[in-house]
Amino acid sequence: MAKIIGGITSSHIPAIGNAIANRLFEEPYWKPFFDGYPPIRAWLQKEKPDVAINIYNDHGLGFFLDKMPTFAIGAATQYQNEDEGWGIPQLPPFLGDAKLSWHIIEGMVADEFDITSCQELAVDHGFTVPMQLLWPELSKDPNFPRTVPISANTVQHPIPTLKRAYDFGKALRRALQSYPENIKVVILGTGGLSHQLDGTRAGFINKNFDLMCLEKIVDDPEALTKISRHELVREAGAQGTEFLMWMMMRGALGEKVTSLHRNYHIPISNTAAGTLLLECAA
Ligand code: DHB
Ligand code: FE
């Protein structure tokens, strides 16, 4: 069985990639954000997950408007990062776990989630920035995990509902629990919290809504499934729909989790950055 040890949420703002490249960790603007990560890195170094399932939303590198899967799962032995035009240095390829990917895909489809399987998938900042924040040495770290990328559509409406995202996570949990090998898995949910990058509300942030989400996702994620997509766009901003990734992650953790660490900082670039470490019940 694949043992799900916990879940981590992280912002994936491209500017973070540049701040890492320029080592701005102690700058007054960046310090309150980067200070949210050492406790999570310490937990990861203690727990040593074999695999990180990275639930992120592609922003146009892996998929574009011509073909937009609602849910896509990587099934490759490695995943390439490419230039998206943000000026972030490209990272070396990430090692996949194709056997686990195909097992998940089989399980999801049997569970009536019709996903897109990707034997080739370029991973963008939504995937790479959190990996760098959590394992700064990347593949030089002996504990650097293999990855399974899972992307959900937040670009082209209609996007999934919060309930569908949460149910996806539950099905992912069932698929992992039937995996024949004994491995430890951590689930990442990247993006968010509130932000809107374009239109008349560009720069929009909603602290009250973010704090409600940070609280409810721990002990009462079901309550969040009642939020409609229109309400989510209204309350979290057009790009705040990335909260769907958090709900997918949370669904995979099972009912009871313990919140071991939390950080919330506004703004980083145009976004409210929320960081959570949730541990699964033993
Ligand atoms: C920003 C946030 C995002 O989620 C993203 O994908 C790109 C940019 C930002 O705040 O700059
Ligand atoms: Fe984003």
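Which residues is Leu-162 in contact with, leaving aside its neighbours within four places in sequence? In this predicted model, Leu-162 is in contact with Leu-224, Thr-225, Ile-227, Leu-232, Phe-243, Leu-244 and Met-247. The residue has its place in helix 6. Leu-162 has a relative accessible area of 2%. Buried means under 20%, so Leu-162 counts as buried. One of its contacts, Leu-224, is 62 residues away in sequence. In space, the two C-alpha atoms are 7.1 Å apart.

Leu-162 also takes part in a contact between two helices. Helix 6 spans residues 162–177, and helix 10 spans residues 243–251. Their axes come within 6 Å of each other. They cross at roughly 35 degrees, and the crossing is right-handed. Helix 6 contributes Leu-162, Ala-165, Tyr-166, Phe-168, Gly-169, Lys-170 and Arg-173. From helix 10 come Phe-243, Leu-244, Met-247, Met-248, Arg-250 and Gly-251. By character, the residues of this contact are eight nonpolar, two polar and three charged. Phe-243, Leu-244 and Met-247 of helix 10 are also among the residues listed for Leu-162 itself.

The model also holds an open sheet of eight strands. The strand order is 6-3-7-2-8-1-10-9, and the pairing is mixed. Strand 6 (116–118) and strand 9 (257–268) stand at the edges. Each has a single partner strand, so one side of each is left without a neighbour in the sheet. From one strand to the next, the twist averages 20 degrees. Helix 5 (residues 125–134) packs on this sheet. Helix 5 touches strand 1, strand 2 (51–56), strand 7 (146–152) and strand 8. The direction of helix 5 makes about 135 degrees with that of strand 2.

Within the sheet, strand 8 (residues 183–190) pairs with strand 1 (residues 2–10). The two are parallel, and eight bridges join them. Gly-6 stands opposite Val-186 of strand 8. Thr-9 stands opposite Gly-189 of strand 8. Strand 2 is also parallel to strand 8, and five bridges join these two. Here Ala-52 has Val-186 as its bridge partner. Val-186 thus faces Gly-6 and is bridged to Ala-52. How much of strand 8 is buried? Seven of its eight residues are, and the strand is mostly covered.

An iron ion (ligand 2) is held by three protein donors. These are His-12 (NE2), His-59 (NE2) and Glu-242 (OE). They lie 2.0 to 2.2 Å from the ion. Along the chain, the donors follow the spacing H-x46-H-x182-E. The two histidines link distant parts of the chain, 47 residues apart. His-12 is in the loop between strand 1 and helix 1 (14–21). His-59 is in the loop between strand 2 and strand 3 (71–74). Are these histidines buried or partly exposed? His-12 is buried, because its relative accessible area is 3%. His-59 counts as partly exposed, because its relative accessibility is 31%.

Methods. Residues numbered from 1 in each chain as written. Chains lettered and ligands numbered in written order. Predicted model: local features only at pLDDT ≥ 70, side-chain atom pairs only at ≥ 80, totals over all residues. Heavy atoms only, no water. Axes fitted to C-alpha atoms, helices over the stretch in contact; angles between N-to-C directions. Helix = DSSP H or I, 4+ residues; strand = E, 2+ residues; numbered from the N terminus. Left-handed = near helix turned anticlockwise from the far one by under 90°. Contact = heavy atoms within 4.5 Å. Nonpolar A, V, L, I, M, F, W, Y, C, P; charged D, E, K, R; others polar. Buried < 20%, exposed > 50% of the residue type's maximum accessible area, 1.4 Å probe, protein only. Pairing = 2+ DSSP bridges. Donors = N, O, S within 2.8 Å, 3.2 Å for Na, K, Ca; no water.
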